[in-house]
Amino acid sequence: MKEPIRLTLPLTAEKVRSLKAGDSVLITGIVYTGRDAAHKRMVEALDRGEELPTDLKDQVIYYVGPTPAKPGRPIGAAGPTTSGRMDAYAPRLLEKGLRGMIGKGYRSPEVIEAIKKYCAVYFVTIGGAAALIAKSIKSYEVIAYEDLGPEAHAKIYVEDFPAIVAIDCEGNNIYEIGPKQYKR
Amino acid sequence: MRTIEANQITEAIAQLAIKANYYLNADVYNALVNGREREESPIGKEIFDILIKNANIAKEEEVAICQDTGMAVVFMEIGQDVHIVGGNLEEAVNAGVAKGYFEGYLRKSVVDEPLFNRINTKDNTPAILHVSIVPGDKIKIVLAPKGFGSENMSALKMFKPSDGVQAVKKFVVDTVVNAGSNPCPPMVIGIGIGGTMEKAALLAKKALIRPLNVRNAHPKYAALEQELLELVNNTGIGPQGLGGRITTLAVNIEWFPTHIAGMPVAININCHATRHAEIEL
């Protein structure tokens with residue numbers, strides 16, 4: 001196993017081009033959170049011609065709905081949720097400059113096309129490893145849609161957040177490459 | 001006749017909700033350690049390492065293993081010589097779920113109505129409660145939080161008796177391939193065969209709480225469990241769907257007599273965090 005690549009955010013196109021499907025990364029910097037309901041609201045805002053709650057240019061979104069934080073901690077258990085549910089919305093956000101997404105599971109052909117078109121990247125982190133992932137999250141601040149509770153749109157600061165490049169900006173997809181290698 | 005207070009049930013359920021979400025059972029933990037040894041893919045091995053480390057952190061720091069702390073599925077075996085006093089059973093169970101999910105800082109993931117408005121009930125109730133009346137004067141409670149990444153990939157099919165065992169095998173493998181990375185493999189597969197439609201589904205759910213190292217008592221079903229495990233692992237899906245040898249930690253089958261005209265088969269998939277805790281009152 002190669003040493004993981006240390007990646008600092010924001011994520012420029014240049015940084016994205018150096019990443020290849022299958023690379024392990026440790027991410028440090030500000031990441032935004034959002035899942036189904038927050039994505040729906042962001043895209044509805046764009047449809048109405050409004051701006052997003054935050055400028056997503058060169059930013060990364062983490063698909064997460066954490067457990068409540070225990071006293072003295074920034075966040076509760078915080079593993080990824082299934083990314084496919086965000087597929088309907090992701091191309092719109094990539095068009096607005098979003099550079100990276102972190103979640104788990106397959107993406108639609110439309111999302112993969114948008115990843116290639118806008119030079120973005122899809123990372124996966126480990127489904128269920130919520131206690132371990134939470135340790136790399138140092139702060140949590142809700143920035144919009146507070147009424148959504150665990151699904152609110154928040155800004156988090158992460159240090160050495162563990163992830164794997166699943167789909168790189170050329171469209172190489174570890175979900176296709178990996179299983180083929182081990183099928184019997 | 002033995003008397004048990006409803007609030008004893010509430011307290012027990014609250015403790016079980018926390019325990020099940022924080023501490024991975026030894027059989028599942030050992031299956032992860034064993035899977036790590038057998039995994040050939042380097043990324044797969046790394047994922048196993050992370051999952052094992054995650055279980056240790058959750059235990060030491062008393063936080064949830066996974067942020068999807070599930071819908072609370074509760075199995076109760078109530079001795080027929082028990083008299084529950086001071087409240088009604090279903091309310092006592094739901095009060096326990098609400099208390100445990102609040103005090104344990106567990107995520108509340110239940111909506112009040114499934115189709116139109118979907119408003120979060122904010123206390124993770126209601127629980128899914130399965131009660132059976134058994135001989136004796138004890139109450140046994142098993143609480144199994146069920147995350148929906150895996151629940152959503154479950155399936156049920158009503159086969160013709162002539163379809164036979166080949167059709168069952170194909171159904172299982174097809175369901176796993178279709179699920180791919182979504183149920184957070186390495187997964188655990190519970191299969192219910194026989195009974196009626198709803199009985200098969202319940203058997204599949206019950207199969208998930210049987211220890212992963214215990215095979216079905218019927219030799220033919222035990223052999224089928226082993227064969228299905230191998231078939232599913234040959235898909236190459238691997239840990240998290242990124243490719244590898246170990247897609248599934250165990251296949252547990254439960255069966256029940258059925259009608260001459262039918263063969264219901266239900267497949268209930270669980271993630272690597274196959275959680276449950278039990279107590280006897």
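The following dialogue goes through the interface, the enclosed spaces and some backbone features of a predicted model.

Colleague: How much area do chain B and chain A bury between them, and how should I read such a value?

Modeller: The size of an interface is often given as the accessible area lost when the parts come together. In this predicted model, chain B and chain A bury about 3,400 Å² between them, and 60% of that area is on carbon and sulfur atoms. On the side of chain B, Gln67(B), Tyr105(B) and Leu242(B) supply 21% of the area buried against chain A, which is more than any other three residues give.

Colleague: How many residues does each chain bring to the contact?

Modeller: Chain B brings 40 residues and chain A brings 40 residues.

Colleague: How many salt bridges and how many residue pairs in polar contact does the rule find across the interface of chain B and chain A?

Modeller: For the charged partners one looks for a nitrogen of Lys or Arg within 4 Å of a carboxyl oxygen of Asp or Glu, and across this interface the rule finds three salt bridges. One of them joins Lys135(A) to Glu61(B), where the closest N and O atoms are 2.4 Å apart. The rule also finds 19 residue pairs in polar contact across the interface, with both residues of a pair at pLDDT 80 or more.

Colleague: Which element of chain B gives the most to the side that touches chain A, and what classes of residue are found on that side?

Modeller: Helix α3 of chain B, residues 42-61, gives the most, with eleven residues. By class, the side of chain B that touches chain A holds 17 nonpolar, 15 polar and eight charged residues.

Colleague: Turning to the spaces, what is the volume of the second largest pocket, and which residues are the closest to its centre?

Modeller: A pocket is an open space, whereas a cavity is one from which the probe cannot get out. The second largest pocket holds about 320 Å³ of space. Its lining has 14 residues, of which Phe75(B), Glu77(B), Val142(B), Lys206(B) and Ile209(B) are the closest to the centre. Strands β2, β4 and β5 and helix α7 of chain B are the elements that give two or more residues to this lining, and by class the lining has six nonpolar, three polar and five charged residues.

Colleague: How many cavities of 30 Å³ or more does the structure hold, and what lines the largest cavity?

Modeller: The structure holds one cavity of 30 Å³ or more, and the largest cavity has a volume of about 60 Å³. Among the residues that line the largest cavity are Val73(B), Lys205(B), Ile209(B), Asn270(B) and Arg275(B). The largest share of the lining, three residues, comes from β5(B), and the lining divides into five nonpolar, one polar and three charged residues.

Colleague: Where in chain B should I look for cis peptide bonds, such as those that lead to Pro126(B) and Pro186(B)?

Modeller: The peptide bond from Thr125(B) to Pro126(B) is cis, with omega near 0°, and Pro126(B) is in the loop between α4 and β4 of chain B. Another cis peptide bond joins Pro185(B) and Pro186(B), with omega about 10°, and Pro186(B) lies in the loop between α6 and β7 of chain B.

Colleague: What is the phi of Tyr145(A), and where is the residue placed?

Modeller: Tyr145(A) has a positive phi of about 60° although it is not a glycine, and its place is in the loop between β6 and β7 of chain A.

Key. Residues are numbered from 1 along each chain as its sequence is written. Chains are lettered from A and ligands numbered from 1 in the order in which they are written. This is a predicted model: local features need pLDDT of at least 70, side-chain atom pairs count only at pLDDT 80 or more; totals for chains, interfaces and linings use all residues. Side-chain values use heavy atoms; hydrogens and water are left out. Contact means heavy atoms within 4.5 Å. Buried area is the accessible area (1.4 Å probe) that two parts lose on being put together, summed over both. A salt bridge is a side-chain nitrogen of Lys or Arg within 4 Å of a carboxyl oxygen of Asp or Glu. A polar contact is a pair of N or O atoms within 3.5 Å; within protein, one must be able to donate a hydrogen and the other to accept it, and residues adjacent in sequence count only if both atoms are side-chain atoms. Helices (H or I, at least four residues) and strands (E, at least two) are DSSP runs, numbered from the N terminus. Ala, Val, Leu, Ile, Met, Phe, Trp, Tyr, Cys and Pro count as nonpolar, Asp, Glu, Lys and Arg as charged, and the others, Gly among them, as polar. On a 1 Å grid over the protein atoms alone, a cavity is a set of points where a 1.4 Å probe fits but cannot get out, and a pocket is an open set with protein on both sides within 12 Å along at least five of seven lines; lining residues have an atom within 4 Å of a point. Grid points are joined across faces, edges and corners, and a volume is the space filled by probe spheres set on the points.
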